[in-house]
Amino acid sequence: MVCEMETDQIEEMDVEVLSSMWPEDVGTEADKQFNVEKPAGDLDTLKEVTIETRTIADMTRLPNLLNSTHQGSSQLTNLVKQWEYMQDNAVRLLKEELKNLDRQREEAEAKELKIIEEYKFESNEPENVPVLDETSDLFRRFRQKKRDALVDSKKIEIYEEFDTVAYWKQKALSLEKMLEASTERERRLMEKLSESLKTMESQSAPVQELTQNLKRAEGFLHFILQNAPIVMGHQDKDLRYLFIYNKYPSLREQDILGKTDVEIFHGGGVKESEDFKREVLEKGKASKREITFTTDLFGSKTFLIYVEPVYNKAGEKIGINYMGMEVTDQVVKREKMAKLREDNAVRKAMESELNKTIHITEETMRAKQMLATMSHEIRSPLSGVVGMAEILSTTKLDKEQRQLLNVMISSGDLVLQLINDILDLSKVESGVMRLEATKFRPREVVKHVLQTAAASLKKSLTLEGNIADDVPIEVVGDVLRIRQILTNLISNAIKFTHEGNVGIKLQVISEPSFVRDNALNADTEEHEQNENALPCLFKKYMQASADHARKYGGTGLGLAICKQLVELMGGQLTVTSRVSEGSTFTFILPYKVGRSDDYSDDQDEFSDMADQQSEPDDTAEGYFQFKPLLGSIYSNGGPGISNDFLPHKVMLTSPIKLINGFVADPSNNTGQSEMLQLENGGYMDESKLETSSGHCPESAHQYENGNGRCFSKESESCSSSQASSEGGTLEMESELTVSSHREEEKAETEVKETSKPKILLVEDNKINIMVAKSMMKQLGHTMDIANNGVEAITAINSSSYDLVLMDVCMPVLDGLKATRLIRSYEETGNWNAAIEAGVDISTSENEQVCMRPTNRLPIIAMTANTLAESSEECYANGMDSFISKPVTLQKLRECLQQYLH
Amino acid sequence: MLGLGVDRLQADINRLLASLFHQGVLDEQFLQLQQLQDETSPNFVYDVINIYFDESEKLLRNLRLLLMDREFSDYKKIGLHLNQLVGSSSSIGARRVRNVCVAFRSASELSNRPGCLRGLEVVEHEYHYLKNMMHELFQLEQQRILAAGVRYPM
């Protein structure tokens, strides 16, 4: 039964040498001396095996038990039967032998009888009557002789003559001999018979035989069981041991017999086994159970216990037989197996879970990829649409069309922005985004970001850049991404800050827990972020509230992208915020310092040149402040976004540069300060504005009490509102001002249309001509070209122009001289001065020209911004204004607006 | 060539431009040029820059000839050439070339021959650097246009 139960496990287990159930070194010497080597297994050797006495039995009661129980009696009967059978067999064999002997005797007797009959007469003869000693002697010899002869050969040779005395004597003698031999044989047979009878007698003791058999059976059992990890026992009704086989070696007879389990052992499992036995006894049904014992005696061992009740012949329960098999190893193995199976199952479950996750991730990645591709696919045609719309906006349109177009452009830009954001985000998330490691100057980046922001600033905020002295001049990183982050944060800050200042602080912090040696820490401070929505700030498409979205617009992706980018660069972005006090976004990035000599080498090359001299000072500058320059606008590079202009300003030189600020080159600054000194009154307006706005944001109170209002009024009068398409806001206010603005512009263009202004460009440089021509084309004008002053005079003489753009430095006749000549013509009505100067002008045309009203022809100088071409000189020579080279669309447009009415 | 690299190419272009701006090789005037490019003149930038290089090459050759002449004394001519170069350089936004030209010009105004020679070398160096960069930029641009032209039926 045990086997049946365990087969499934046994199959899976390697066969291994079992250690003995009980430890070898326990027990007494007396027990040990009977220990023998395990025999080779041949039954014949059994006789030689000395069986270890492992049995303890209550000898007084065990026979009773054997006699009183069914099992006991049947076993005895069996033994008796077996003995009887063996006895029968022996008897049968003996009987056969006896029969054989009987037959032999019968044969012998029959032979004797025959002989006697044959020689009847002889028997009549007095055999024992001695006549003479001699004769009788002789007679005896004869008979002997005769018998010998008879024995030797069947035929008795009688040499004597028949029927003589000698003959008869001879015959009697041989017969006698035969008789003797026969009796001898008979005697021997008798002996043999008695001998076999004797042996028969010796074998006939049944008890002895039975005991012997019993001993053999016991020996066999012992032989099998002596090393088996099995304990067998019998306990009576009170569960007291009457018999135990293979008990624990150190237990003595008196320790076990008559005692219960509980009395013998102590520890875990004992009580359980006791209860189990009792249960079996009560139920009367054999059963088995696995019980783990933890006793002081043999430690922790698991036994499979089989218990069966024992009945006497009357059918009453008198006790139990129990058999225990040690299965500790199996149990351990089974448990291990179960654990393995469990682990296996868990692993499988995890694996499938993982597979599922991988699948989902893959799906997600694919979706993201898809999104990126789609976004890209959408972006290309959309940028086409927006671009076209922008071009369309530069053409002639009526008020309504322009309004619609503006909405279209700003919506398109918004969608583009959104798609770009999504693209960026999905790039970061799908790990496609690669970071560049280029050298850059953090100061310039900060400055540039602020410049850019200041340029499109519509509120009276102060933008501050504060860079600590210990920030290296150059660091290595992905400047584009860092700029993107800063721009994003700053534009957010500006968007949500209504008054006060927005700033970037850059400092080096040493944070050993963080990635590398040092980290850049950039703060953008913004004020009045009055929403308690910090946790979802960095989530995609999440804005502080629906209200916010309506009020401020935007996609809600900006901060998410910033965060992703910062994390991609191995940094972290955090925010602290207090309602109505401001928020601080902090991001910490690890950076590497580039080899500083690279750039300075570059500089050395030019260090002797005047323009570059002030540069070294500038690279270390750590503080920038930008006030809103209302009325001047950063043109953001998209074609056709050119609705922003500065009316009443012609002298636009470096300040624009500063605001445009696309290149964060330090020489910008020096250039500006120089120019400020050079500016005339026309510029003062602007600088006044600048200073007043400079005061404003210092404190909110000052801003409140009227100053700010008047300021904003002023800015309105300057019509500085701008159609900023990059901001992506769709606020109605700005929309309105824009449209009214456009209206004006349109009116202007209409006027222009009616009188198709003629413009003359006097320029010797091919490149400049190309550029200027192209710009004019975009502004909707065509113009004639003169390559030098002489050609210019000829052209002016031959047809009338509304505007002349005059290069100052030209071969043959420079711009200043040409202007002087033109002015003198206007005053005198003739070209005498020109002719004097050697310019060939036909008189027929001269007369024609004389008929014209001598309106002052606006001549605008184009200077290359050198000392030789100073503005004073231009004015002194009769020019109305000047444009510094290089010419930009903006300058050109403003100029045209002022002079083409 | 499969139209998949448009983004990458655009990024490369932007990166190149950014670095050129950063180094001060170019300034915002170059953006002006780009703004002027539209459907009616799709190759405007390329054309202008090419003409610029042609013209400048001539000017530089002349300058070198002038300066190599031992009996040389015509600083005014040099000034004129340089004016041309300064004008066109600033028109296309070649800031560094313009700046070194200005320095060269001031040397010529002072009739400082060694200064002029040095100035010429620097100008040539800057000029070639610009040319290489522009060449790279246009190649990228060309690839981008090719890539952007690829359309797949949806």
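This report describes salt bridges, surface patches, buried sites and backbone angles in a predicted model.

## Salt bridges within helices

Over all chains, a search of the whole structure finds 29 salt bridges, and three of the pairs described here are set within single helices of chain A. In helix 4 of chain A, A:Arg105 and A:Asp102 are three residues apart and therefore separated by about one helical turn, and the closest N and O atoms of their salt bridge are 3.8 Å apart. That distance still counts, because a salt bridge requires a side-chain nitrogen of Lys or Arg within 4 Å of a carboxyl oxygen of Asp or Glu. A:Arg105 is partly exposed, at 33% relative accessibility, and A:Asp102 is likewise partly exposed, at 32%.

In helix 11, which covers residues 270–283 of chain A, A:Glu279 and A:Lys283 are four residues apart, so that about one helical turn separates them; their side chains meet in a salt bridge with an N to O distance of 3.5 Å. The two partners fall in separate accessibility classes, since A:Glu279 has a relative accessible area of 31% and is partly exposed, whereas A:Lys283, with 62%, is exposed. The spacing in such pairs has a general background: an α-helix has 3.6 residues a turn, so residues three or four places apart point the same way.

## Helix 17 and a salt-bridge network

Helix 17 of chain A, running over residues 558–568, holds both A:Glu567 and A:Lys563, which lie four residues apart, about one turn of the helix. Their side chains form a salt bridge with an N to O distance of 2.8 Å. A:Glu567 is partly exposed with a relative accessible area of 41%, and A:Lys563 is also partly exposed, with a relative accessible area of 25%. Elsewhere in chain A, salt bridges that share partners join A:Glu184, A:Arg187, A:Arg188 and A:Glu191 into one network.

## Surface patches

A negative patch on the surface is formed by A:Glu106, A:Glu107, A:Glu109 and A:Glu186. The element that gives the most to this patch is helix 4 of chain A, residues 70–118, with three residues. A:Glu106 has its place in that helix, and with a relative accessibility of 54% A:Glu106 counts as exposed, because the exposed class begins over 50%.

A nonpolar patch on the surface is made by A:Phe220, A:Leu221 and A:Ile224, which together have about 270 Å² of accessible area. A:Phe220 is placed in helix 8 of chain A, residues 206–225, and its relative accessibility of 37% makes A:Phe220 partly exposed.

## Buried positions and a helix cap

A:Ser174 is found in helix 7 of chain A, which spans residues 165–203, and counts as buried at 0% relative accessibility. A polar atom of the side chain of A:Ser174 lies 2.9 Å from the backbone oxygen of A:Lys171, so that this pair falls inside the 3.5 Å limit for a polar contact between N or O atoms.

Helix 26 of chain A, residues 789–798, contains the buried residues A:Gly789, A:Ala792, A:Ile793, A:Ala795, A:Ile796 and A:Asn797. The N-terminal end of this helix is capped by A:Asn788, of which a side-chain oxygen lies 3.1 Å from the backbone nitrogen of A:Val790.

## Positive phi angles in loops

Most residues other than glycine have a negative phi, and against that background two loop residues deserve a separate note. A:Leu239, in the loop between strand 2 (230–236) and strand 3 (241–245) of chain A, has a phi near 65°, a positive value in a residue other than glycine. A:Leu239 counts as buried, at 0% relative accessibility.

In chain B, the loop between helix 5 (95–109) and helix 6 (113–149) contains B:Ser111, for which phi is near 50°, again a positive value in a residue other than glycine. B:Ser111 counts as partly exposed, with a relative accessibility of 41%, whereas A:Leu239 is buried.

Terms used
Residues numbered from 1 in each chain as written. Chains lettered and ligands numbered in written order. Predicted model: local features only at pLDDT ≥ 70, side-chain atom pairs only at ≥ 80, totals over all residues. Heavy atoms only, no water. Patch = residues over 30% accessible without salt bridge, like charges linked within 9 Å, V, L, I, M, F, W, Y side chains within 5 Å. Areas by Shrake-Rupley, 256 points an atom, 1.4 Å probe, with all protein chains shown as cover. Lys, Arg positive; Asp, Glu negative; His and termini not counted. Charge placed at Lys NZ, Arg CZ, Asp CG, Glu CD. Helix = DSSP H or I, 4+ residues; strand = E, 2+ residues; numbered from the N terminus. Buried < 20%, exposed > 50% of the residue type's maximum accessible area, 1.4 Å probe, protein only. Polar contact = N/O pair within 3.5 Å; in protein donor to acceptor, adjacent residues only side chain to side chain.
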